[in-house]
Amino acid sequence: MAREIPLFPLGSVVLPGQTVSLHVFEDRYRELVSYLLGLPETERRFGIVSIREGYEVGDSGVQSIHRVGVEVALTDVTDYEDGQYDVTVDAIGRIRLDASVTGDSFMWGHVEDLDEPVGDGAAVAADKAHAVFDVYRTELNRFRLDASVDDLPGDPVDLSYLLASSAVLTLPDRQDLLEADDAAERLRRYHHLMIEEIAAMRAVPSLPAVDVARTSWSPN
């Protein structure tokens, strides 16, 4: 069932289960935070969608956005005297944007919640994804990068999102994983991407410093 929620276009892809920190300084998004703070805590939710064309800031701004994103809950806010905010949000589920409405300030969108089917062959796909993650983590350790991660969940949906969020991927690849029809397909796509990533890592003598768990993740 479609409903209308505020939108926050972002130059990266957020996946269900992630906890993300945002620095809010543009007027329109400061107005968004101010609007949310006027709601009861349980209703302080909005959508994050990745930008297809354009930029988060500047005169040109956002030209187009991806149609699949996440709904997030505002969990922590630090406000500053100049009107800027630091906020923390928890991504609670996928949404599909049916139509967008640009208001006087921040953007609104008509969205519907997306189901999270497990899909056929999820157990096999999970085993393969888990195995390739172990190899990926070993390669990161070879470069003395932080590859620590908590125990992987057994649920295929949770596993698919945790693995997707822990990998260093391009925006299109992360968006592709977000839009996968089910967990089994997402795990298979993740396995394919990691095979390519591991091959690339083995072909170069050094890598830039990255953290495999750049944002915290929770299935709740």
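In which helix is the place of Asp27? Let us work through this predicted model with a few exercises.

**Exercise 1. Place Asp27 and decide whether it is buried or exposed.**

Solution. Start with the element: the place of Asp27 is in helix H1. Next, take the relative accessible area, which is 54% for Asp27. Exposed means over 50%, so Asp27 is exposed. Finally, look along the chain: Phe106 is 79 residues away from Asp27, yet their C-alpha atoms are separated by 8.7 Å.

**Exercise 2. Find the overall plan of the protein.**

Solution. Begin by counting elements: the protein has 5 helices and 8 strands. Then read them in sequence order, which gives the pattern β-β-α-β-β-β-β-β-α-α-α-α-β. Now turn to burial: of the 220 residues in the protein, 44% are buried. The surface comes next, with about 11,300 Å² exposed, 48% of it supplied by carbon and sulfur atoms. Last, consider contacts with a separation of 6 or more: 70% of these join residues 24 or more positions apart.

**Exercise 3. Compare the surroundings of Met1 and Glu43.**

Solution. Take Met1 to begin with. Met1 sits in the segment before strand S1 (3-10). Its relative accessible area of 91% means that Met1 is exposed. Setting aside residues up to four places away in sequence, Met1 touches Val111 and Glu112. Val111 is 110 residues along the chain from Met1, and the two C-alpha atoms are 8.2 Å apart.

Now move to Glu43, in the loop between helix H1 (27-37) and strand S3 (45-54). Glu43 has 45% relative accessibility and therefore counts as partly exposed. From the C-alpha atom of Glu43 to that of Leu74, 31 residues apart along the chain, the separation is 8.8 Å.

**Exercise 4. Describe helix H5, from its span to its packing.**

Solution. Step one is length: H5 covers residues 183-203, which is 21 residues. From first C-alpha to last, H5 reaches 30 Å, close to the 30 Å expected at 1.5 Å a residue. Step two is the N-terminal end, where Asp182 acts as a cap for H5. A side-chain oxygen of Asp182 lies 3.2 Å from the backbone nitrogen of Ala184. Step three is burial: the buried residues of H5 include Ala183, Leu187, Ile198 and Met201. Step four asks what these buried residues pack against, and the partners are strand S6 (85-102), helix H2 (122-142), helix H3 (156-166) and helix H4 (171-178).

**Exercise 5. Work out how H4 runs relative to H5, and which residues meet.**

Solution. First look at the axes of H4 and H5, which come within 9 Å and cross at roughly 155°. Angles over 145 degrees count as roughly antiparallel, so H4 is roughly antiparallel to H5. On the H4 side the contact is made by Asp173, Asp176, Leu177 and Leu178, and on the H5 side by Arg186, Arg189, Tyr190 and Leu193.

**Exercise 6. Follow Leu178 and see what surrounds it.**

Solution. Start with its element: Leu178 lies in helix H4. Then check burial: with 1% relative accessibility, Leu178 counts as buried. Now list its contacts, leaving aside neighbours within four places in sequence; among them are Val13, Leu15, Pro16, Gly69, Arg94, Tyr161 and Arg186. Val68 is also in contact with Leu178. Although Leu178 and Val68 are 110 residues apart in sequence, 7.6 Å separates their C-alpha atoms.

Notes. Residues numbered from 1 in each chain as written. Predicted model: local features only at pLDDT ≥ 70, side-chain atom pairs only at ≥ 80, totals over all residues. Heavy atoms only, no water. Helix = DSSP H or I, 4+ residues; strand = E, 2+ residues; numbered from the N terminus. Buried < 20%, exposed > 50% of the residue type's maximum accessible area, 1.4 Å probe, protein only. Expected span 1.5 Å × (residues − 1). Contact = heavy atoms within 4.5 Å. Polar contact = N/O pair within 3.5 Å; in protein donor to acceptor, adjacent residues only side chain to side chain. Areas by Shrake-Rupley, 256 points an atom, 1.4 Å probe, with all protein chains shown as cover. Axes fitted to C-alpha atoms, helices over the stretch in contact; angles between N-to-C directions. Parallel < 35°, antiparallel > 145°, perpendicular 65-115°, else oblique.
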